[in-house]
Amino acid sequence: MASEKEAALAVTHSDSPTIFDKIISREIPHHVVYEDDKVLAFRDIRPQGPIHILVIPKVKDGLTGLSKAEERHIDILGRLLYVAKIVAKQEGLDDGFRIVINDGPQGCQAVYHIHVHVIGGRQMNWPPG
């Protein structure tokens, strides 16, 4: 399987439905750990730690990446981070966790539907990348 970097560089950005759109519509099953009317959180299929959860908005609204954020997206961006905190607590990450938002090819973004990675369950290193 290609590395995360290779996968991100190979992606062509389009307005076509992403794998996350298919997860939201239940075309592709996933292990959901949290859901409300605005966001969905599920386990990553290629975890980078013992716990690796993705938090995504159910409605993309043009928010394919953080660099595409507009003032109208403030509420959903805040919701994503708040749910990341809820999920971290739910997963027992009381000693800490990392939040990652990849943006664009050089940021290793492979899916153009904004998403927050919640990674924990092990000691993180610095610098991260």
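Of the 129 residues in the chain, 39% are buried. The model is a predicted one. Its secondary structure consists of three helices and five strands, arranged along the sequence in the pattern α-α-β-β-β-α-β-β. This briefing turns first to the chain as a whole, then to helix α3 and the nonpolar cores.

**Chain as a whole**

- Among contacts with a separation of 6 or more, 57% join residues that lie 24 or more positions apart.
- The chain exposes about 7800 Å², and carbon and sulfur atoms supply 54% of that area.

**Helix α3**

- Helix α3 comprises 17 residues, 74-90. At 1.5 Å a residue it should span 24 Å, which agrees with the 24 Å between its end C-alpha atoms.
- Which residues of α3 are buried? They are Ile 76, Leu 77, Leu 80, Val 83, Ala 84, Val 87 and Ala 88.
- These buried residues cover an arc of only 140° around the axis, which means that they lie on the same side of α3.
- An α-helix has 3.6 residues a turn, so residues three or four places apart point the same way.
- On the other side of α3, the exposed residues are Ile 74, Asp 75 and Lys 89.
- The cover over the buried residues of α3 includes the strands β1 (32-35), β2 (39-43), β3 (51-57), β4 (97-100) and β5 (116-120).
- Gly 92, just after α3, adopts a positive phi of about 80°.

**Nonpolar cores**

- The largest nonpolar core contains 19 residues. Those with the most contacts inside this core are Val 39, Ala 41, Ile 53, Val 55, Leu 80, Val 87 and Val 118.
- At least two residues of this core come from each of β1, β2, β3, α3 and β5.
- Which element gives the most to this core? Helix α3 does, with seven residues.
- Leaving aside residues up to four places away in sequence, Val 118 touches Ile 51, His 52, Ile 53, Val 55, Ala 84, Ala 88, Leu 93, Phe 97, Arg 98 and Ile 99.
- A second core, separate from the largest one, has seven residues, including Ile 23, Leu 40, Phe 42 and Ile 56.

**Points to follow in the structure**

- Leu 80 and Val 87 are buried residues of α3, and both are among the residues with the most contacts inside the largest core.
- Ala 84 and Ala 88, also buried in α3, are both touched by Val 118.

Methods:
Residues numbered from 1 in each chain as written. Predicted model: local features only at pLDDT ≥ 70, side-chain atom pairs only at ≥ 80, totals over all residues. Heavy atoms only, no water. Helix = DSSP H or I, 4+ residues; strand = E, 2+ residues; numbered from the N terminus. Expected span 1.5 Å × (residues − 1). Buried < 20%, exposed > 50% of the residue type's maximum accessible area, 1.4 Å probe, protein only. Arc of directions from axis to C-beta. Contact = heavy atoms within 4.5 Å. Areas by Shrake-Rupley, 256 points an atom, 1.4 Å probe, with all protein chains shown as cover. Core = buried A, V, L, I, M, F, W, Y, C linked by side-chain atoms within 4.5 Å.
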